[in-house]
Amino acid sequence: QGKRLDRVVWTDQPQGRRPGANRTGAAMEALVLQTRQELRQESALGEFGVVAVHRTLHQQGIGRLPSIRTIGRIFARRGQVDGRERIRRPAPPVGWYLPALAAGQVELDQVDLVEGLKIKDGPLVEVLNLVSLHGGLVASWPQAAALTAPVVQRALIAHWRSWGLPDYVQFDNDTLFQGPHHLPDVIGRVMRLCLSLGVVPVFAPPRETGFQASIENYNGQWQAKVWSRFEHASLAALQERSTQYVTAHRHRTATRREAAPTRLPFPKGWRLDLQAHPRGQLIFIRRTNPTGEVTLLGRTFLVDPHWVGRLVRCDVLLHKGKIRFFQLRRRAPREQPLLNELAYQLPKRPFHE
């Protein structure tokens, strides 16, 4: 109105962003919805989707007809979409497959192996990594390949003497942790160590994501911050650099460990007897096959013919001579009813590597 821009009073203008110039008007949206409703009730074909509405409006000679995609957006905007979108359910709590662990009452150490590393003009390297689920306590042992079960045993003993025992320790199904797979009823050296100390070994299901997420994340961090970040002249240099990283990581997560469940004291005067008959509990997380069976300890057990292709927790109670199978569902992590209970006796035989 002939005024300078800085003197114009804008209070008479509507607040908020103006609708786009190409936005479909309210009258056209109402007509689209009305046509859909009429087709739904009266159409001989019973078709009232976006194509049917577009075709009907075109036959009626409506000017500036919205496109099929625009009609679809009108349907979605006004809540007229028949098909439901995928429901994004919240993730289950950490350690959901073990009720006490999910409740934050006990601690679990996850252990894994990083393979395929090569120092230039040096040896092949494998790294044994460990991280506690609630406390974030980490440990790394770079060694010349290939790691053996006695090396894993010594590393775990030294770590647990310093920091205390967890209630559970979780591995994948590598023979390094579980023992050879070609024979049934095998309890390997690492498993016997855990049982001797009262720590329950837990074995994650093969080819399943999520169960080893914490240790896999730490494996990636270690490789990025230690292995790939520096050039290592020797295995000793790599071990020194790894020790520095582990120390710094522990310092950063000290507050988290204070809020974590208390670790158990390492027993005084303890000695490992590999020839003692194993007692205690083993836990295997497995998925049933098409006939409702699972395989563990080199044997196949029928869980439930109606629970097919689903997760189960297999509690092997060596001291009671039985295996209990519990139903697992991520959608309902707190509901873990008993599916079946079978007799199982571990044969008494001497331990051989």
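Me: Before we look at helix H7, what does buried mean here?
Reply: Happy to start there, and bear in mind that this is a predicted model. A residue over 50% relative accessible area is exposed, and one in between is partly exposed. Buried residues are those under 20% relative accessible area.

Me: Which residues of H7 are buried?
Reply: Helix H7 covers residues 189-197 and is mostly covered, with eight of its nine residues buried. By name, they are Arg189, Val190, Met191, Arg192, Leu193, Cys194, Leu195 and Leu197.

Me: What do the buried residues of H7 pack against?
Reply: Two helices take part, H5 (149-163) and H6 (175-178). The remaining partners are strands: E4 (168-171), E5 (200-203) and E6 (281-287).

Me: Which residue follows H7, and what is its phi near?
Reply: Just after the helix, the phi angle turns out to be positive. The residue is Gly198, and its phi is near 80 degrees.

Me: Is Gln178 buried or exposed?
Reply: Gln178 is found in helix H6, one of the elements that the buried residues of H7 pack against. Its relative accessibility is 10%, and the cut-off is under 20%. Gln178 therefore counts as buried.

Me: Which side chains make polar contacts with the side chain of Gln178?
Reply: One polar contact, of 3.1 Å, joins the side chains of Gln178 and His181. Leaving aside neighbours within four places in sequence, Gln178 is also in contact with residues including Met191, Phe203 and Phe284. A further polar contact, also listed at 3.1 Å, is with the side chain of Asn173. The partners asked for are His181 and Asn173.

Me: How many bridges pair E6 with strand E9?
Reply: E6 is mostly covered, with five of its seven residues buried. With E5 it runs parallel, joined by two bridges, and Phe284 of E6 is the bridge partner of Phe203. On E9 (residues 311-317) the pairing is antiparallel, with Ile285 opposite Arg313. The number of bridges between E6 and E9 is seven.

Me: Which members of the largest nonpolar core touch the most other members?
Reply: That core holds 45 residues. In soluble globular proteins, nonpolar side chains tend to be buried together. The members in question are Leu156, Trp160, Phe171, Leu282, Phe284, Leu296 and Val316.

Me: What does Trp160 touch, not counting residues up to four places away in sequence?
Reply: Trp160 is one of the core members that touch the most others. Among its contacts is Cys194, a buried residue of H7. The full list is Asp109, Leu165, Pro166, Val169, Cys194, Leu197, Val199, Arg263 and Phe266.

Me: What separation do the C-alpha atoms of Leu130 and Gln110 have?
Reply: Leu130 lies in strand E2 (residues 124-132) and counts as buried at 0% relative accessibility. Its contacts beyond four places in sequence include Gln110, Leu156 and Tyr218. Leu130 and Gln110 are 20 residues apart along the chain, yet their C-alpha atoms are separated by 5.6 Å.

Me: Why is the protein more spread out than a compact globule?
Reply: The protein has 10 helices and 11 strands. For 353 residues the globule rule gives 20 Å, so a radius well over that marks a more spread-out protein. The C-alpha trace spans about 90 × 65 × 40 Å along its principal axes. The radius of gyration behind this verdict is 31 Å.

Notes. Residues numbered from 1 in each chain as written. Predicted model: local features only at pLDDT ≥ 70, side-chain atom pairs only at ≥ 80, totals over all residues. Heavy atoms only, no water. Core = buried A, V, L, I, M, F, W, Y, C linked by side-chain atoms within 4.5 Å. Buried < 20%, exposed > 50% of the residue type's maximum accessible area, 1.4 Å probe, protein only. Contact = heavy atoms within 4.5 Å. Helix = DSSP H or I, 4+ residues; strand = E, 2+ residues; numbered from the N terminus. Pairing = 2+ DSSP bridges. Rg over C-alpha atoms; globule rule 2.2 N^0.38 Å. Polar contact = N/O pair within 3.5 Å; in protein donor to acceptor, adjacent residues only side chain to side chain.
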